[in-house]
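Grab a pencil and work through these exercises with the structure open beside you. Try each task before you read its solution.

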Amino acid sequence: MAEPSSLLRLFGKELKRAREAAGLTQEQLGQKVAYSRGQIGMVENGQRHMKSATVQQVDDLLNAHGWLHRIWLEAGEERSVLRVADLRSAEAAATLIRSYQPALVPGLLQTERYMRGLFSAGVLAGTDQDEIERAVKLRLDRQGVLAAQVPPRYTVVLYESVIRGVVHEEATMLDQLAHLLTMSRHRRVNLQIIPFTSAKYAPAAPLTIIDASGTTIVHLESTLSRSVTTSDPSTVEEAREKFDLLRSHAAPSDQSALMIETRMKELRP
């Protein structure tokens, strides 16, 4: 994971100074703001973020006269964006991964054949084969998290267009659907599909939420192929609510498996 930013370390240092000046232990401060002693310690070490409302509450409790809140605001940009490398590290250390995809199979569940078709026709179109092979290898390496001795719990929600579309060719898609069906029976994987018939629903942008090592990371993709990886508390909370809403529109896992089987029958020659 990324090292704590300088501003987050400063915020933690000033929080500790203000807490001690107020004569409070970490546990006592935590009790006042619904944090554990360990969580307050992580904030003071620059390893954990606080929500805006909690920062304001702490600022008032410790008579910091807005100083703590100003530091927190200045740390906003550093708090918002993490490197893609952190996303991969988070996957490797994850205890829970939640993913929503409206159009494509998520990377952790793609077959090698599907990857090549996707890369050849998508963002790597026109590049040499070596570049495509490197991209395939990186993605296959990422999939190792699901083969670990204790893999993370993986909850996947797909819009029906994922299984209806065809990447590369029908044979490739049939192979991919068979793999999805197999993975849906994995002891740590829960796969659900939002059917086209689901009322009150409009497809949303791809979303991944990763819980790892006491930190939650959100990966957001846009229609402009830009992505943001963040651990900002307000974004994390919003992402969780969005994912729960998306999942509420999805068919149960057994019905979703039947949808995949039906689509496979349609694709078979």
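**Exercise 1. A pair in a helix**

In which helix do Arg17 and Glu14 both lie, and how many residues apart are they?

*Solution.* Keep in mind that you're looking at a predicted model.

Step 1: Find helix 1, which covers residues 6–21; Arg17 and Glu14 are both in there.

Step 2: Count along the chain. The two are three residues apart, or about one turn of the helix.

Step 3: Look at the side chains. Arg17 and Glu14 meet in a salt bridge, with 2.9 Å from N to O.

**Exercise 2. Buried or partly exposed?**

Sort Arg17 and Glu14 by how covered they are.

*Solution.* Step 1: You need the cut-offs here: under 20% relative accessible area is buried, over 50% is exposed, and partly exposed is in between.

Step 2: Glu14 has 13% relative accessibility, so it counts as buried.

Step 3: Arg17 comes in at 46% relative accessibility, so it counts as partly exposed.

**Exercise 3. Follow the charges**

Start at Glu160 and trace the network of salt bridges that it belongs to.

*Solution.* Step 1: Glu160 forms a salt bridge with Arg164, and their closest N and O atoms are 3.2 Å apart.

Step 2: Now hop onward from Arg164. Its side chain also meets that of Glu266 in a salt bridge, at 2.5 Å from N to O. This pair ties together distant parts of the chain: Arg164 sits in helix 10 and Glu266 in helix 13, 102 residues apart.

Step 3: Write down the members of the network: Glu160, Arg164, Arg263 and Glu266.

Step 4: Check how covered three of them are. Glu160 is at 9% relative accessibility and therefore counts as buried. Arg164, at 29%, counts as partly exposed, and so does Glu266, at 44%.

Step 5: Zoom out. The structure holds 14 salt bridges.

**Exercise 4. Two strands side by side**

Work out how strand 2 and strand 3 are joined.

*Solution.* Step 1: Locate strand 2 at residues 153–159 and strand 3 at residues 189–194.

Step 2: Check the direction and the bridges: the two strands run parallel, with six bridges between them.

Step 3: Pick one partner pair. Tyr154 has Val189 in strand 3 as its bridge partner.

Step 4: Ask how covered strand 3 is. Five of its six residues are buried.

**Exercise 5. Into the core**

Which residues of the largest nonpolar core touch the most other members?

*Solution.* Step 1: Recall a general trend: in soluble globular proteins, nonpolar side chains tend to be buried together.

Step 2: In this model, the largest nonpolar core has 34 residues, and the ones touching the most other members are Leu109, Tyr154, Leu177, Leu180, Leu191 and Ile260.

Step 3: See where the core comes from. Elements that each supply at least two residues include strand 1 (94–101), helix 8 (112–121), strand 2, strand 3 and helix 13 (253–267). Helix 11 gives the most, with six residues.

Step 4: Zoom in on Leu180. Leaving out residues up to four places away in sequence, Leu180 touches Val105, Leu109, Leu158, Ile163, Leu191 and Ile260.

Step 5: Find the other core. Apart from the largest one lies another of 17 residues, including Phe11, Leu15, Val55 and Val58.

**Exercise 6. The whole protein**

Describe the overall picture in a few numbers.

*Solution.* Step 1: Count the elements: 13 helices and six strands.

Step 2: Check the burial. Of the 269 residues, 48% count as buried.

Step 3: Turn to the surface. About 14,000 Å² is exposed, and 51% of that is supplied by carbon and sulfur atoms.

Key
Residues numbered from 1 in each chain as written. Predicted model: local features only at pLDDT ≥ 70, side-chain atom pairs only at ≥ 80, totals over all residues. Heavy atoms only, no water. Buried < 20%, exposed > 50% of the residue type's maximum accessible area, 1.4 Å probe, protein only. Helix = DSSP H or I, 4+ residues; strand = E, 2+ residues; numbered from the N terminus. Pairing = 2+ DSSP bridges. Core = buried A, V, L, I, M, F, W, Y, C linked by side-chain atoms within 4.5 Å. Contact = heavy atoms within 4.5 Å. Areas by Shrake-Rupley, 256 points an atom, 1.4 Å probe, with all protein chains shown as cover. Salt bridge = Lys/Arg side-chain N within 4 Å of Asp/Glu carboxyl O.
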